[in-house]
Amino acid sequence: MRLGRDLVLELQDAGSRARFLIRDRDSKFTQAFDAVLAGAGLEAVTSGARMPRRNSLIQRWLPTCRGELLDCTLSWNQSHLLHALREFESFCSGHRPHRALGQAAPLRSLPEPTTRPGQIVHLEIHRQDRLGGTLHEYQQAA
């Protein structure tokens, strides 16, 4: 149970007031692990059964959020952090291209490609900054 105790010590050293630890149903998380967490005042909450995609999605989203937002942002307080996270979520869903979707965003389809030479020569791109310039949205001018 070294893993459980180490986790609890790290949370206490960080001054965490966490109440829950969300974990999957892997066999490495035993009742002893949950007991160590309970001793520190944490409740272990297991993810839904037979839901393998949920963990993979969040495990992909967290490094993206950290690398593109949190490492570039100084949060003043909890409300500022929540605002930044909402903006980033909106940016990822509505504008940021996703390779798995053919460079479209989940909530936006791709525009028709520009194929006429006259349009390509006079192509105007507008940039809109979000979160004080941390995030950039680019759009073709109509």
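Is phenylalanine 88 buried or exposed? In this predicted model, phenylalanine 88 is buried, because its relative accessible area is 0% and the cut-off for a buried residue is under 20%. That residue is a good place to start, and the overall layout of the chain helps to place it.

The chain holds 5 helices and 4 strands. Read from the N terminus, these elements follow the order α-β-α-β-α-α-α-β-β. The chain has 142 residues, and 15% of them are buried. Its accessible surface amounts to about 11100 Å², with carbon and sulfur atoms contributing 53% of that area. Contacts across the sequence can also be counted: of those between residues at least 6 apart, 38% bring together residues at least 24 apart.

The aromatic rings come next. A pair of aromatic rings is described by two values, the distance of the centres and the angle of the planes. The count of aromatic pairs in this model comes to 3. One of them joins phenylalanine 29 and phenylalanine 33, whose centres lie 5.1 Å apart with 55° between the planes, a tilted arrangement. Phenylalanine 33 has a relative accessible area of 2%, and because this is under 20%, the residue is classed as buried.

Phenylalanine 88 has a ring partner too, namely tryptophan 61. The centres of these two rings are 6.1 Å apart and their planes meet at 55°; the pair is therefore tilted, as the angle is neither under 30 degrees nor over 60. This pair connects distant parts of the chain, since tryptophan 61 belongs to helix H3 (residues 52-68) and phenylalanine 88 to helix H4 (residues 78-94), with 27 residues separating them. How exposed is tryptophan 61? Its relative accessibility is 29%, which lies between the limits of 20% and 50%, so tryptophan 61 counts as partly exposed. Phenylalanine 88, by contrast, is buried. Ring pairs also bring in Phe91, giving a cluster of Trp61, Phe88 and Phe91.

Tryptophan 61 appears again at the largest pocket, where Leu57, Arg60, Trp61, Arg96 and His98 are the residues nearest the centre. The lining of this pocket comprises 15 residues, and the space inside is about 520 Å³. Which helix gives the largest share of the lining? Helix H3 does, with 5 residues. Both H3 and H4 supply at least two lining residues each.

The strands offer a further view of the fold. Phenylalanine 20 sits in strand E1 (residues 20-23). With a relative accessibility of 44%, phenylalanine 20 is partly exposed, because this value falls between 20% and 50%. Leaving aside residues up to four places away in sequence, phenylalanine 20 touches Leu42, Glu43 and Val45. For glutamate 43, the separation from phenylalanine 20 is 23 residues along the sequence, while the C-alpha atoms are 4.7 Å apart in space.

Farther along the chain, strand E3 (residues 125-130) pairs with strand E4 (residues 135-140). The two strands are antiparallel and are joined over 6 bridges. Within this pairing, isoleucine 125 faces glutamine 140 of E4. The hairpin formed by E3 and E4 has 4 residues between its strands, and leucine 131 adopts a positive phi near 55° there.

How values were computed: Residues are numbered from 1 along each chain as its sequence is written. This is a predicted model: local features need pLDDT of at least 70, side-chain atom pairs count only at pLDDT 80 or more; totals for chains, interfaces and linings use all residues. Side-chain values use heavy atoms; hydrogens and water are left out. Two strands pair if DSSP finds at least two bridges between them. Rings of Phe, Tyr and Trp (its six-membered ring) pair if their centres lie within 6.5 Å; planes under 30 degrees apart count as stacked, over 60 as edge-to-face and the rest as tilted. Buried means under 20% relative accessible area, exposed over 50%, partly exposed in between (1.4 Å probe, protein chains only). Contact means heavy atoms within 4.5 Å. Accessible areas come from the Shrake-Rupley method with a 1.4 Å probe; for residues, only the protein chains shown count as cover. On a 1 Å grid over the protein atoms alone, a cavity is a set of points where a 1.4 Å probe fits but cannot get out, and a pocket is an open set with protein on both sides within 12 Å along at least five of seven lines; lining residues have an atom within 4 Å of a point. Grid points are joined across faces, edges and corners, and a volume is the space filled by probe spheres set on the points.
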